[in-house]
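This report describes strand pairing, helix packing and backbone angles in one protein model.

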Amino acid sequence: MTRHCQLYLEAGELSAWQRKQGQAQEIARFADTPDGLARFSAFLAVDRKTRYSLLVNLPDEIFVSESLPRLRRSERQEVLAAKARRLFPDTPWHCATRSQSDETRFLLLALGQSAPLSRWTDRIKAANSALDSLHSLPQLLPVLLKKSLPHKPSQPNPALLTLSLHDNSARFSLLTHGYLRISRLSQLTEGATLADEYRRFVDHITRQCGLEAGTALCVIGDAEQLAQIDLPNIVDRITSPATNSAGLFLAIPRQQWPREQFAPLAMRQPARQQRQTEWLWRSAVLLLLLGAAISLERLNSELRNQAAIETIQDATRRIDTAIAQNDQLLTHSSLNREQLQQLAQDHPKLLAQSDAFSASLLALSQSLERSPAIELARIDWKIDGFPPSTATMQVDGQIKHHNGTSANLSLRHFHEQLKARQAVSILNAPSAQPGATDLPFSLLLSQREKP
């Protein structure tokens, strides 16, 4: 993953910062000496994937206000670029930004081709490091004010003066309608107090910009410094954790920095190539993941389909086995196809007759218990007709008696008991035979199917 490092340049030194948990933390500091420059080159060589943003806080700045007619965006950019080249021929560090909310008033900014700035940027070029942007500290003032004073009501006067403290220097700036108008960095020496420098700046912009009296002032610095400031019209105080308030500016997320910046396109080329490479890699990974997801979904779909096919094949094999078993049974059957079809249709009605068979057996069993002289030899169960309507049971047995008269009496008694539950008819009554003690008989029992 590409890291992002912020470089902060002021007179005499350059420091490196990284944002952690929403705060800017200094990770290295390099003095503007041969040894410091050599250490900075070694620092750049540690990680070639790091991208850098350079924030400059130097006194060599130029601010020029310009008015343009309403133009298309591309035409406006061309006109502003041509004006900047003409106004600042001696420096490559220039850009243009709006100075009001409309599209007719602009501010052209330039950083002087100073030796300190050149020494550090030459090291960045020599290391072929990815410089993402180069900004001047006052460019971040509007963002810092919106972040630190988000609910501050607007003042009647659209102008606002700001004072930010940076160790032994102070930056005075003027904003109108929330846009940067002019800024100046002043060194605080023993002969130049903060009040003196503030008065000189106010006198200068009063002559140049027509500043009204009583313009509000916002001061930025650590708590101890702010407590000692005695300047007129202070309306807001923004507290910095250190005597150099640059940390507040560096803590602003990189995505909120202005698009307008000083680094020429050629110097930003390594950073652009790095972003393009990252985009290609991320696109390739995304496509790879997308392809893997599609392949996995197809595989899951194929597995589900295969499982469904195997289930159907299983059921088909079971059906084929059942059909084969039925075919084997039907091979030995004497029924033809029409009879088998009729049997399939009548099978539910045949099953319904099982209750009648059970009832007939129960009645026969109870009657036999009351007729000890009667013994059964054979029971034959059958169903008449298709569809089946009547189930009959033929009972063959014998009566143990010495004469026909007593045998018939036993049979009539047995017959009367069965008639209470069954339809009973005598097929063969017992007849006396010389020397016979077991006289045979036959009965027919029937029970109608319940509707």
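A residue counts as buried when its relative accessible area is under 20%, as exposed when that value is over 50%, and as partly exposed in between. The model is a predicted one. By the burial cut-off, β10 is mostly covered, since eight of its eight residues are buried.

**The β9, β10 and β11 strands**

The burial of β10 (169-176) applies to both of its faces. One side carries S169, R171, S173 and L175, and the other carries A170, F172, L174 and T176. These residues are all buried, R171 included.

β10 is joined to β9 (159-166) by eight bridges, and these two strands run antiparallel. Within this pair, F172 of β10 is the bridge partner of L163. Eight bridges also join β10 to β11 (residues 179-187), again in the antiparallel sense. Here L174 has I182 in β11 as its bridge partner. F172 and L174, which have these bridge partners, belong to the side of β10 that also holds A170 and T176.

Both connections are hairpins. β9 and β10 have two residues between them, and D167 in that turn has a positive phi. The hairpin of β10 and β11 has two residues between the strands as well, and H177 takes a positive phi there.

**Positive phi values**

Most residues other than glycine have a negative phi. The table lists residues of this model with a positive value.

| Residue | Phi | Location |
|---|---|---|
| N128 | near 55° | loop between α3 and β8 (130-136) |
| D167 | about 55° | loop between β9 and β10 |
| H177 | near 55° | hairpin of β10 and β11 |

Which accessibility class does N128 fall into? Its relative accessibility is 57%, so N128 counts as exposed. D167 has a relative accessibility of 37% and therefore counts as partly exposed.

**The five-stranded sheet**

Five strands make up an open sheet of mixed pairing, in the order β3-β2-β1-β4-β8. The edges are taken by β3 (23-31) and β8; each has a single partner strand, so one side of each has no neighbour in the sheet. On average, neighbouring strands of this sheet are turned by 25° against each other, with direction ignored.

At the β8 edge, the partner is β4 (residues 51-57), and the two strands pair in the parallel sense over six bridges. S53 stands opposite S133 of β8 in this pairing.

**Helix α1 on the sheet and against α3**

Helix α1 (residues 34-46) lies across β1 (4-10), β2 (13-20), β3 and β4, and runs at about 130° to β3.

α1 also packs with helix α3 (residues 115-126). The angle between these two helices is about 30°, and their axes are 10 Å apart. Angles under 35 degrees count as roughly parallel, and α1 and α3 are therefore roughly parallel to each other. The crossing of α1 past α3 is right-handed.

The α1 side of this contact consists of G36, L37, A38, F40, S41 and L44, which meet R119, W120, R123 and I124 in α3. Sorted by class, the contact has six nonpolar, two polar and two charged residues. α3 is followed by the loop that leads to β8 and contains N128, and β8 is in turn an edge strand of the five-stranded sheet.

Terms used:
Residues numbered from 1 in each chain as written. Predicted model: local features only at pLDDT ≥ 70, side-chain atom pairs only at ≥ 80, totals over all residues. Heavy atoms only, no water. Axes fitted to C-alpha atoms, helices over the stretch in contact; angles between N-to-C directions. Helix = DSSP H or I, 4+ residues; strand = E, 2+ residues; numbered from the N terminus. Parallel < 35°, antiparallel > 145°, perpendicular 65-115°, else oblique. Left-handed = near helix turned anticlockwise from the far one by under 90°. Contact = heavy atoms within 4.5 Å. Nonpolar A, V, L, I, M, F, W, Y, C, P; charged D, E, K, R; others polar. Buried < 20%, exposed > 50% of the residue type's maximum accessible area, 1.4 Å probe, protein only. Pairing = 2+ DSSP bridges.
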